[in-house]
Amino acid sequence: MTSHIYDLIIIGSGPAGLAAAVYAQRACLDTLIIERSTVSGGQILNTYEVDNYPGLPGINGFELGMKFREHADKLSCEFKVAEVLSIQEKDGHFLIQTEKEKLQARTVIVATGAYHAKLNVPGEEEFAGKGVSYCATCDGAFFRGKVTAVVGGGNVAMDAARSAIRLGAEEVYVLYRRSFEEIPARQEEVQHAQEEQIRFQTLTNPVEILGSDDGNV
């Protein structure tokens, strides 16, 4: 185990982790960013088009992720590619165990993000960012005037459906694999969705996502 103790270790190098790194470097903190992938940027790298980032409308997600990393590199941020296995608090600081070594820090920021719950059906990966979205508030404006389907029956699905209709979707369908009575969302959420003319299609589970002639869903 190294005897060096960092002021800050950031786990994850997506937008949140890199933003934290930029602030830390500008505050002259001894900082390390740990990322298990060799490419920084997080899930934004898989976004076909980003239209809601101030000053850079319509930028490709991969390009935006690279700009984040360039900013961090200009400030001489230190990166390490490793998988974090555990974090322990000991003697007023933290021990971070990776598959290669044990590191020490006075403060740790966990910015590992989240994973989308995917359908795992044919066409999903192919049309990601071209009609397949995992964030209604992020991408709803792209579907203005179009028929939109939200797959799922939980509170998040109700929120996505209501966001889509408010952002201008022509029609919004909630597709749920079980019966209407089994929808797990809170009853108030379902009721509000119905009041906003969202249509429910139950006992329905997508098996494939097909494309149009222009290469979109």
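User: What makes E83 count as partly exposed?

Analyst: In this predicted model, E83 has a relative accessibility of 32%. Buried would need a value under 20%, and exposed one over 50%. E83 at 32% fits neither, so partly exposed is the label.

User: And R36, how do you know which label it gets?

Analyst: Run the check again with 47% relative accessibility for R36. That value is not over 50%, so R36 is called partly exposed.

User: Why is the R36 and E83 pair called a salt bridge?

Analyst: The cut-off is 4 Å between a side-chain nitrogen of Lys or Arg and a carboxyl oxygen of Asp or Glu. For R36 and E83 the closest N and O atoms are 3.6 Å apart, so the pair passes. As background, side chains of opposite charge can pair when their charged atoms come close.

User: What does the R36 and E83 pair tie together?

Analyst: R36 sits in the loop between strand 2 (31-35) and helix 2 (61-74), while E83 sits in the loop between strand 3 (78-81) and strand 4 (84-90). The pair therefore ties together parts that are 47 residues apart in sequence.

User: How many salt bridges does this rule give?

Analyst: The count comes to 11. One of them joins the side chains of E125 and K118, at 2.9 Å from N to O, so it falls within the 4 Å limit.

User: Are E125 and K118 buried or exposed, and how do you know?

Analyst: E125 has a relative accessible area of 56%, which makes it exposed, as the bar is over 50%. K118 comes in at 38% and counts as partly exposed.

User: What makes E171 and R199 a salt bridge?

Analyst: Their side chains meet at 3.5 Å, N to O, so the 4 Å cut-off is satisfied. E171 belongs to strand 8 (residues 171-176) and R199 to strand 9 (residues 199-202), so this pair ties together parts 28 residues apart in sequence. As for accessibility, E171 has 24% and R199 has 42%. Each is therefore partly exposed.

User: Which residues are linked in a network of salt bridges?

Analyst: R162, R166, R186, E188, E189 and E196 are linked that way.

User: What is the sheet with strand 8 like, and why is strand 9 called an edge strand?

Analyst: It is an open sheet of 3 strands in the order 7-8-9, with parallel pairing. Strand 7 (147-151) and strand 9 each pair on one side only, and that makes them the edge strands. On average, neighbouring strands are turned by 25° against each other, direction ignored.

User: How do you know that strand 7 and strand 8 pair?

Analyst: Pairing takes at least two bridges, and these strands share 5 in the parallel sense. They count as paired, therefore. T148, for example, has V172 in strand 8 as its bridge partner. Helix 4 lies across strand 7, strand 8 and strand 9, at about 165° to strand 8.

User: Which residues of helix 5 are buried, and what puts them on the same side?

Analyst: In helix 5 (residues 187-195) the buried ones are E189, V190 and A193. They span an arc of only 100° around the axis, so they share a side of helix 5. Here is the general idea: an α-helix has 3.6 residues a turn, so residues three or four places apart point the same way. The cover over these buried residues includes helix 4 (155-166) and strand 9.

User: What is special about the phi of Q197?

Analyst: Q197 is not a glycine, yet its phi is positive, near 65°. Most residues other than glycine have a negative phi. Q197 lies in the loop between helix 5 and strand 9, and at 60% relative accessibility it is exposed. L203, in the segment after strand 9, also has a positive phi, near 55°. At 66%, L203 is exposed.

User: Last one: is S13 buried or exposed, and what does it touch?

Analyst: S13 has 0% relative accessibility, so it is buried. Its place is the loop between strand 1 (5-11) and helix 1 (15-26). Leaving out residues up to four places away in sequence, S13 touches L18, I33, E35, S40, G41, G42 and F79. The side chains of S13 and E35 make a polar contact at 2.8 Å, where the cut-off is 3.5 Å.

Terms used
Residues numbered from 1 in each chain as written. Predicted model: local features only at pLDDT ≥ 70, side-chain atom pairs only at ≥ 80, totals over all residues. Heavy atoms only, no water. Helix = DSSP H or I, 4+ residues; strand = E, 2+ residues; numbered from the N terminus. Buried < 20%, exposed > 50% of the residue type's maximum accessible area, 1.4 Å probe, protein only. Arc of directions from axis to C-beta. Contact = heavy atoms within 4.5 Å. Polar contact = N/O pair within 3.5 Å; in protein donor to acceptor, adjacent residues only side chain to side chain. Axes fitted to C-alpha atoms, helices over the stretch in contact; angles between N-to-C directions.
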